[in-house]
Amino acid sequence: MHRYLCERGALEGPHAGCRKPLPPLTARELRLIALRQRADCQPTHGLATPKHDLPVRIRAGALAEGMPAGDLLVLPDHALMVDGLFVAAGHLVNGTSITRGEAAVDLTYWHIELDSHDLLMAENTPAESFLAAPGVRCGFGGVQALNAGTRPVPYASRAELGPELAALRGRLARRAVSSGEAVGLGPVRAWLDRCVVGANGVLHVAGWAQDAVQPDAPVCLDVTVDGAVVAFAVAGEYRADLAAAGVGDGRVGFDLGLDVPLASGVPHVVEVRRSADGAVVCAKQVDTAGVWTALLAA
């Protein structure tokens, strides 16, 4: 059970890890505390939790000193305020200090709703209160009537892919390395099987990555095009060809369709980097004739 602070008068000044001061901490009206079991709103009855419901674990101190105060588990789309960015926890996964995918059964999420969307302190970390999007209260046990009324206004706009989010992920990766969270990292075997630009100019990439020291642990990856981060991925998809070749249990693949139009007749470089330390593990280049060449394979 996590510790939440709704009447947050104990916090003074800007919070550690935030570039901007948080608003004054005040008591707020509590509208709802509810639980949810699985995305389909049915109990798991001891069955493994579906992959898309698996929580993100943010280890104690992963974001800043004392932030969070203890390991914090949240849904991947649950937003936190970090370095002045309102960002989904799933965007912060790096495979070391912030992870996702650990086995879980009978998983229950607790939601705290205020009279308006706001921040709560969860394990000393600014985290969003429940935002009641239409229909999301499914399975909350007789509280669907609260869906009536106007659509709630979000506390802030969420951070999307871009330089600020990439800088935040880089800082957290460096913090994990300096704190020893990334000590167990080993060399990565990786390959970009596919880099294809479709007729619509959109890039599609697929490949695999495996940590030699932790072969069964999914590797978290950043995908860049011409130096700019365009996607995050977790190399955890099953591929029968890799299993047959003895590459772990075959659950080391990734496959992404990227909404990144590439201009024809211009060279471009696609790199895949390990999120935990920024190391480039594989890369390809396309020339002006549209021919792809491997630049690096780990």
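These are my notebook entries on a predicted model of one protein chain.

**Entry 1. The chain as a whole**

I began with the secondary structure and counted two helices and 19 strands in the chain. The chain has 298 residues, and 43% of them are buried. I then looked up the contacts between residues with a separation of 6 or more; 62% of these join residues 24 or more positions apart. The exposed surface comes to about 14,500 Å². Carbon and sulfur atoms supply 55% of that surface.

**Entry 2. The sheet of β4, β3 and β7**

I traced an open sheet of three strands, with the order β4-β3-β7 and antiparallel pairing. Its edge strands are β4 and β7 (98-100), each of which pairs on one side only. From one strand to the next I noted an average twist of 20°. For the β3 and β4 pair I found three bridges, with β3 covering residues 56-58. Within this pair, V56 of β3 stands opposite V74 of β4.

**Entry 3. A cis bond and a residue that touches it**

Between which residues does a cis peptide bond occur in the loop from β3 to β4? I found it from M67 to P68, with omega near 0°. P68 itself sits in the loop between β3 and β4. For background, most peptide bonds are trans.

I next took up T125, which belongs to strand β10. Is T125 buried or exposed? It is buried, because its relative accessible area is 0% and the cut-off for burial is under 20%. Leaving out residues up to four places away in sequence, T125 touches L63, M67, P68, L72, L80 and L120. Both residues of the cis bond, M67 and P68, are thus among the contacts of T125.

**Entry 4. Positive phi angles**

I went through residues other than glycine with a positive phi. As a rule, most residues other than glycine have a negative phi.

D83 has phi near 55°. D83 lies in the loop between β5 and β6, the latter being residues 85-88. Its relative accessible area is 12%, so D83 is buried.

E123 has a positive phi of about 50°. This residue is in the loop between β9 (119-122) and β10 (125-128). E123 counts as buried because its relative accessibility is 6%, under the 20% cut-off.

D226 has a positive phi near 55° and occurs in the hairpin of β13 and β14. I noted two residues between the strands of that hairpin.

**Entry 5. The hairpin strands**

I followed the hairpin further. How many bridges pair β13 with β14? Strand β13 (residues 219-225) and strand β14 (residues 228-235) pair over seven bridges, in the antiparallel sense. One of the facing pairs joins V223 to A231 of β14.

I also looked for a charge over a ring and found R169 over the face of F232, at 3.7 Å from the ring centre. A search for aromatic pairs over the whole structure gave one.

**Entry 6. The sheet of β11, β12, β16 and β15**

I traced a further open sheet, of four strands, in the order β11-β12-β16-β15 and with antiparallel pairing. At its edges are β11 (188-197) and β15 (237-238), each pairing on one side only. Inside this sheet, six bridges join β12 (residues 203-211) to β16 (residues 251-258). I picked out A206, whose bridge partner in β16 is D255. For background, strands of a sheet pair through backbone hydrogen bonds.

**Entry 7. D77 and its contacts**

My last look-up was D77, in the loop between β4 (72-74) and β5 (79-82). Which residues does D77 contact, leaving aside its neighbours within four places in sequence? I listed A88, E128 and R158. By the strand limits above, A88 falls in β6 and E128 in β10. I also checked D77 against H91, which is 14 residues apart from it along the chain. Their C-alpha atoms are separated by 8.4 Å.

Conventions:
Residues numbered from 1 in each chain as written. Predicted model: local features only at pLDDT ≥ 70, side-chain atom pairs only at ≥ 80, totals over all residues. Heavy atoms only, no water. Buried < 20%, exposed > 50% of the residue type's maximum accessible area, 1.4 Å probe, protein only. Contact = heavy atoms within 4.5 Å. Areas by Shrake-Rupley, 256 points an atom, 1.4 Å probe, with all protein chains shown as cover. Phe/Tyr/Trp six-rings, centres within 6.5 Å; stacked < 30°, edge-to-face > 60°. Lys NZ or Arg CZ within 6 Å of the ring centre and 35° of its normal. Pairing = 2+ DSSP bridges. Axes fitted to C-alpha atoms, helices over the stretch in contact; angles between N-to-C directions.
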